[in-house]
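Colleague: I should be grateful for a close look at the aromatic side chains of this model and at what surrounds them. Please treat the matter in one connected account.

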Amino acid sequence: YYLVEIESPKGYLLNSKNYEFDLTDKDHEEVVETTTENERIPEIETTAKDNKTGEKEINPSKKIEIVDIVKYKGLIIGKEYELVGHLMDKETNKEVLDKDGKMIKSSLRFTPEERDGEVSLVFEVDASLLRGKEIVVFETLYREGRQIAIHHDIEDEGQTVKITDPKGKTYAKWEDDSKGVYEGKVHKLVD
């Protein structure tokens, strides 16, 4: 026989390990005991910003880097984890795609030295394709190929950056309201 957990306690990961035991030579009055352990569901929270300036609003220059700082709580020291992130368009709630139509994502494998800490994911983006968009970073944490925590909240301001869409007109004129440039005279242009 074996014992397998089919539902975990609230706040804990399901323990999918099979615990074998033998009842063939046992008196039916004897109690068979086994101990199992459940791992708490780790917590992750993120803060996205421009990797160069640290700002939440980013100019739509060609290539930018969005850094997502992920704080974690309750990881197992010495175990390898993989953090996978992808970018979402807040307005459409759909994945952000690059110019080739591929989802923009980043991943990092790490082994924590403490139960609580932080790591960073960097996303390289052609921001000129995203003028005026709010971009939200979604994160998923895996251990041994198994999803153990997610942070997918399209409304989370901490996970959001805005790619600006600068538009404007300039109305420059000569400071003295003259209509032209005259030789020998110093002219000052004001905007």
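To how many aromatic pairs does the count come? Please also describe where their members lie.

Modeller: A word on conventions comes before the details. The model is predicted, so that local features need pLDDT of at least 70 and side-chain atom pairs count only at pLDDT 80 or more, while totals for chains, interfaces and linings use all residues. Residues are numbered from 1 along each chain as its sequence is written, and side-chain values use heavy atoms, with hydrogens and water left out.

The count comes to 2 aromatic pairs (Phe, Tyr or Trp rings, Trp by its six-membered ring, with centres within 6.5 Å; planes under 30 degrees apart are stacked, over 60 edge-to-face, the rest tilted). One of them joins Y72 and F110, whose ring centres are 5.6 Å apart and whose planes make an angle of 35°, an arrangement that is tilted. Y72 belongs to strand β5 and F110 to strand β8, residues 105-110, so this contact ties together parts of the chain that are 38 residues apart in sequence (strands are DSSP runs of E, at least two residues; helices are runs of H or I, at least four; both are numbered from the N terminus). Y72 is buried, its relative accessible area being 8% (buried is under 20%, exposed over 50%, partly exposed in between, with a 1.4 Å probe and protein chains only). F110 is buried as well, with a relative accessible area of 11%.

F110 also pairs with Y81: the ring centres are 5.9 Å apart and the planes meet at 25°, so this pair is stacked. Here too the contact links distant parts of the chain, since Y81 lies in strand β6, residues 81-89, and F110 in strand β8, 29 residues apart. Y81 is buried, with a relative accessible area of 0%. Taken together, Y72, Y81 and F110 form one aromatic cluster.

The residues that precede and follow these rings in sequence carry charged contacts. The whole structure has 7 salt bridges (a Lys or Arg side-chain nitrogen within 4 Å of an Asp or Glu carboxyl oxygen). In one of them the side chain of R109 meets that of E80, at 3.4 Å from N to O. That bridge spans 29 residues of sequence, with R109 in strand β8 and E80 in the loop between β5 and β6. R109 counts as exposed at 53% relative accessibility, whereas E80 is partly exposed, with a relative accessible area of 44%.

R109 takes part in a further salt bridge, with E82, where the distance from N to O is 3.7 Å. R109 is in strand β8 and E82 in strand β6, so the contact ties together parts that are 27 residues apart in sequence. E82 is partly exposed, with a relative accessible area of 22%. E80, E82 and R109 are thus linked in a network of salt bridges.

Strand β6 has another charged contact at D89, which forms a salt bridge with K133 at 3.0 Å, N to O. K133 lies in the loop between β9 and β10, the latter covering residues 134-143, and D89 lies in β6, so the bridge ties together parts that are 44 residues apart in sequence. At 8% relative accessibility D89 is buried, while K133 is partly exposed with a relative accessible area of 26%.

It remains to place β5, the strand of Y72. An open sheet of 3 strands runs in the order β3-β5-β9, and its pairing is antiparallel (strands pair if DSSP finds at least two bridges between them). β3, residues 43-50, and β9, residues 117-126, are at the edges with a single partner strand each, so one side of each has no neighbour in the sheet. β5 itself covers residues 63-73 and is joined to β3 by 8 bridges, the two running antiparallel. Across this pairing, E45 stands opposite K71 of β5.
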